[in-house]
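Thanks for making time this morning. I would like to walk you through one chain, strand by strand where that helps, and then turn to its charged pairs and its confidence values.

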Amino acid sequence: MTKISLLPIYIILICVSLYAQNEDEKIIVIGDSLVGKVVNGESVREVIGNVRLSQGNVNVTCNMAIQYLARNEAELIGNVIAKQDSLTLQTEKGYYFGNLKKTKSTSGIILDDTKVVLSADSGQYFFDDAKAYFQTNVILVDSLTTLIADELTYYKNLDKSIAVGNVNINDGSNIIYADTLIHLRKTKFSIADGNVSICNVSDNLTIFGNHLEDDGELKYTLIDKNPVLMQVDTSISKEDVAQTIISIDTLLIKSKVMESFRSGTNVFKATDSVKILRGGFASVNDLTTYYRDDEKIITDKINENAPRPVLWYENSQLMGDSITIFLEEGEIKSLKVDYNSFMLSQNKIFEQRFDQTSSDSVHLYFINNSLERAEFGGKVQSIYFLLDDDVPNGLVKSTAHKAVIVFTENQIDQVRLYGSPTSEYYPEGKVEGLERTFTLPKFVLKENRPLKKDFLMYLQEANE
């Protein structure tokens, strides 16, 4: 039986395959006229009029092309339009690299893949990888968002963008600023880092930090590096934050973690080492929940062993297991302290004298941000220092089931006791010099009241 060697057949098939592959990789350029020449030892073709360049599924039209045969490249001039399936690239002048299957332009470029429109002063597109890299004045627009950056890498098949430098993305409700941002268009998920802020224009509310994750589908935002919240009555630009004098109506909150929930509710939550400042009000706590639609702020203990929330108003300090602040059109209308409540007020003239009230709960009422009255309920104990025309006149210790204190200009004007009240008077001779011995069991004077400068320093740190 005759044996036939298969080696020559294999060689022929390989050669045919390589020839077909090489031919497919070569760019083809045709037009109305063609001039061939040799420039610096290199074969060059100038194709003019109704120019068409093709390579596989990539097709380019332009007014003129200069084709470099050995390099498998072409310079494209005038009304350049490149297409691949549903993608279109437009520029006035560009360059096509056949071996890399890439196009490049520094004369302004626009990409449109029917999902997004991407434009910039310069850019490159890799057709095999479906990847764009655009630079300078980059703008990406889709049906819901507009993204601006200095540089942007767009992965068409992944619906993914990586933006760098002066980044901001606007979805109509919120604007995110950052040094870098990763955005997934289909899932509406963004990750931002460096000098981050998210601004809600309608609420004049901005949260600053160094790392942000925003889920557009769940309408959930997380900031867990140096977060600071600022809400003012008038809009404030990100650039002016450090220089702006914060008004009395500005709400400032900082913590280790901040979260925003916008699906069905409009809730903001700050967790761990929370500090709050708004005008004469300040607070330190472990958990703050801000119900923005209901205009209500609640501060709580994280667990049974955690320290109680503390709130200051002017010269008064309140503590309790839970503190709720009720707002109306931005103004504080009332404040409620539940469970183990304790309130002390420092005398403005005699700083060693602290009026004190301990009870199960206390409810404070305000008019034009000034304290009008306080209602104490359940096991009320109190110590109040007396003054006659600003002259000390001893103190009164009392107990009752309920107490109401009326304030004038944030100073105690009347004390009313209800439910088996008892009172004991201590003359001035037994009080002077011994003021700090007259304290209730829950007496704790906190020295860590937040100040405006702390938030300004924190805002600067968050944007460094």
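**Strand pairings, salt bridges and confidence**

Let me begin with one pair of residues: Glu-259 stands opposite Lys-269 in strand 21, where strands are DSSP runs of E with at least two residues, helices are runs of H or I with at least four residues, and both are numbered from the N terminus. Before going further, I should say that this is a predicted model, in which local features need pLDDT of at least 70 and side-chain atom pairs count only at pLDDT 80 or more, while totals for chains, interfaces and linings use all residues. Residues are numbered from 1 along each chain as its sequence is written, and side-chain values use heavy atoms, with hydrogens and water left out.

Returning to that pair, strand 20 (residues 257-261) and strand 21 (residues 267-278) run antiparallel and are joined by five bridges; two strands are said to pair if DSSP finds at least two bridges between them. The hairpin of strand 20 and strand 21 has five residues between the strands, and Gly-264 there takes a positive phi near 80°. Strand 20 also pairs with strand 17 (residues 220-225), again in the antiparallel sense, over four bridges, and in that pairing Leu-222 stands opposite Glu-259.

Further along the chain, strand 28 pairs with strand 29 (residues 370-388) in the antiparallel sense over 10 bridges, and the bridge partner of Tyr-365 in strand 29 is Arg-373. Two residues lie between the strands of this hairpin, in which Asn-368 has a positive phi near 50°. Strand 29 in turn pairs with strand 30 (residues 391-408), antiparallel, over 13 bridges, with Val-391 in strand 30 as the bridge partner of Asp-388. That hairpin, too, has two residues between the strands, and Asp-389 takes a positive phi near 50°.

For the chain as a whole, there are two helices and 32 strands. Of its 464 residues, 45% count as buried, where buried means under 20% relative accessible area, exposed means over 50%, and partly exposed lies in between, with a 1.4 Å probe and protein chains only. If we take contacts, meaning heavy atoms within 4.5 Å, between residues at least 6 apart in sequence, 42% join residues at least 24 apart.

Now to the charged pairs. How many salt bridges does a search of the whole structure find? The search finds 15, a salt bridge being a side-chain nitrogen of Lys or Arg within 4 Å of a carboxyl oxygen of Asp or Glu.

One of them joins the side chains of Glu-428 and Arg-353, at 2.5 Å from N to O. Because Glu-428 lies in the loop between strand 32 (422-426) and helix 2 (452-462), and Arg-353 in the loop between strand 27 (331-346) and strand 28 (354-367), the pair ties together parts that are 75 residues apart in sequence. Glu-428 is buried, with a relative accessible area of 17%, and Arg-353 is buried as well, at 4%.

Lys-301 and Asp-321 also meet through their side chains in a salt bridge, at 3.9 Å from N to O. This pair links distant parts of the chain, 20 residues apart, with Lys-301 in the loop between strand 23 (296-300) and strand 24 (310-313) and Asp-321 in the loop between strand 25 (316-319) and strand 26 (322-328). Both Lys-301 and Asp-321 are buried.

The salt bridge between Glu-375 and Arg-373 measures 3.1 Å from N to O in the model; here Glu-375 is partly exposed, with a relative accessible area of 24%, and Arg-373 is partly exposed at 26%. Lys-115, Asp-159, Arg-185 and Lys-186, finally, are linked in a network of salt bridges.

I will close with confidence, given as pLDDT, the predictor's confidence in each residue from 0 to 100. The mean pLDDT of the chain is 87, and 89% of its residues reach 70 or more. Over residues 1-23, however, pLDDT stays under 50, and the model has zero contacts beyond four places in sequence for that stretch. Residues 235-246 likewise stay under 50, although for them the model has 19 contacts beyond four places in sequence.
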